[in-house]
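Dear colleague,

Please find below the structure that I am handing over to you. My findings follow it.

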Amino acid sequence: MADQPTTFAFPNQDALCERCGYSIKGLASDAACPECGQPVAESSPTKRTLVLAGPWLTLKLYARMLGLFLLRPKQSFRSLAIRSDGVIPEQFLFRNSFLAGLIISAIVFIGSAFIIPPRFHTIPIQSALILFIACSIGISLLTYIEMLGVTAFSRRRGWRVPFPLAQRICCLASVGWLPGAAFVGLGIWMIQAFGVGRPWFDHLLGLVRVGWLLYAGLFVLSFLWFETLVWIAVRQVRFANAWPDLPQSTPKT
Ligand SMILES: [Zn+2]
């Protein structure tokens, strides 16, 4: 945890109202935003006290971050300091990707090994391992694609979310892949157990099979939790003001 600067002139040159994005530079610190009426002091970076910087993501910090961003995402992103957290967010993403891959493959593998409906073929450990590796890498890749999307979308909307900030919030929101993974694992298992081989599963709807639609639907639904967390995060940081030790450019509108 880093120290908060004790003296800091706010609003400074780049200051925006956190609620509406209006430039509040030159206003008195006890004034209100001329656009939306929110007190200027509410937009001060000193209100953002959550700093996750550290050389290494310890298990204790990891557990704390899981709770913060899974259970109280709005408050956590609202208090997230706009400054660098070093490599902690990336470590958080890679650990979540690993865990999400583990959750999917464990549910599918254990489901196939121990809860065997009459026509269900046991999934070999090699397949579970491949599923684990594919999911872990896939989730990291999808999270990086999301960062590019958030950066481009924010630029179009005039929000102040450049790539480094998009990267941080997507890494922190990657905790949403964990419930998504549990959902996908259960879905794959249920499709395998109750769908594959049944006549309705291979039924053609136009050019596609019902089974393919089920897998595609599962794939889309698995995104929802992560996407929701990213959306919550962007809303909480899109006009946020950086700590004074960081240069910050105003968005082009
Ligand atoms: Zn305002």
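Which residues touch the most other members of the largest nonpolar core? In this predicted model, they are Leu52, Met65, Phe69, Phe77, Ile169 and Leu172, in a core of 50 residues. At least two residues of this core come from each of H1, helix H3 (88-114), H4, helix H5 (163-173), helix H6 (177-194) and H7. The greatest contribution is that of H7, which gives eight residues. In general, nonpolar side chains in soluble globular proteins tend to be buried together.

Ile169 may serve as an example from this core. Apart from neighbours within four places in sequence, Ile169 is in contact with Phe77, Leu80, Val161, Ala233, Val234 and Val237. There is also a second, separate core, which has six residues, among them Phe10, Ala15, Cys17 and Ile24.

The overall layout is as follows. The protein chain contains seven helices and two strands, and from the N terminus on its elements run α-α-α-α-α-α-β-β-α. Of its 253 residues, 43% are buried. Among contacts with a separation of 6 or more, 72% join residues that are 24 or more positions apart.

The zinc site deserves your attention next. Four cysteine sulfur atoms coordinate the zinc ion at 2.2 to 2.3 Å: SG of Cys17, of Cys20, of Cys33 and of Cys36. Along the chain, these donors follow the spacing C-x2-C-x12-C-x2-C. The arrangement is tetrahedral because the four donor atoms subtend angles of 103 to 116° around the zinc ion. Two of the donor residues can be described by their accessibility. Cys17 has a relative accessible area of 0% and is therefore buried, whereas Cys20, at 27%, counts as partly exposed. Cys17 thus appears both as a zinc donor and as a member of the second core.

Two further residues may be of interest. Asn241 is found in the segment after helix H7 (210-237), and its relative accessible area of 2% means that Asn241 is buried. The side chain of Asn241 has a polar atom 2.9 Å from the backbone nitrogen of Leu16, and the side chain of Asn241 also reaches the backbone oxygen of Ser43, at 2.8 Å.

Pro39 is found in the segment before helix H1 (59-71). With a relative accessibility of 42%, Pro39 counts as partly exposed. Leaving out residues up to four places away in sequence, Pro39 touches Ala31 and Ala32. Pro39 and Glu18 are 21 residues apart in sequence, and their C-alpha atoms are 9.9 Å apart in space.

Finally, I turn to helix H4. H4 covers residues 125-157, and at 1.5 Å a residue its 33 residues should span 48 Å; the C-alpha atoms at its ends are 47 Å apart, which agrees with that expectation. Which residues of H4 are buried? They are Ala128, Phe132, Cys135, Ser136, Ile139, Ser140, Thr143, Glu146, Met147, Val150, Thr151 and Ser154. An α-helix has 3.6 residues a turn, so residues three or four places apart point the same way. H4 is followed by Gly158, which has a positive phi, near 75°.

With kind regards

Notes:
Residues are numbered from 1 along each chain as its sequence is written. This is a predicted model: local features need pLDDT of at least 70, side-chain atom pairs count only at pLDDT 80 or more; totals for chains, interfaces and linings use all residues. Side-chain values use heavy atoms; hydrogens and water are left out. Donors are N, O and S atoms within 2.8 Å of the metal (3.2 Å for Na, K and Ca); water is not among the atoms, so sites may look incomplete. Four donors count as tetrahedral if all angles lie between 85 and 135 degrees; four count as square planar and six as octahedral if opposite donors are over 155 degrees apart and all others between 65 and 115; anything else is irregular. Buried means under 20% relative accessible area, exposed over 50%, partly exposed in between (1.4 Å probe, protein chains only). Helices (H or I, at least four residues) and strands (E, at least two) are DSSP runs, numbered from the N terminus. The expected span of a helix is 1.5 Å times one less than its number of residues. A polar contact is a pair of N or O atoms within 3.5 Å; within protein, one must be able to donate a hydrogen and the other to accept it, and residues adjacent in sequence count only if both atoms are side-chain atoms. Contact means heavy atoms within 4.5 Å. A nonpolar core is a set of buried Ala, Val, Leu, Ile, Met, Phe, Trp, Tyr and Cys residues joined through side-chain atoms within 4.5 Å.
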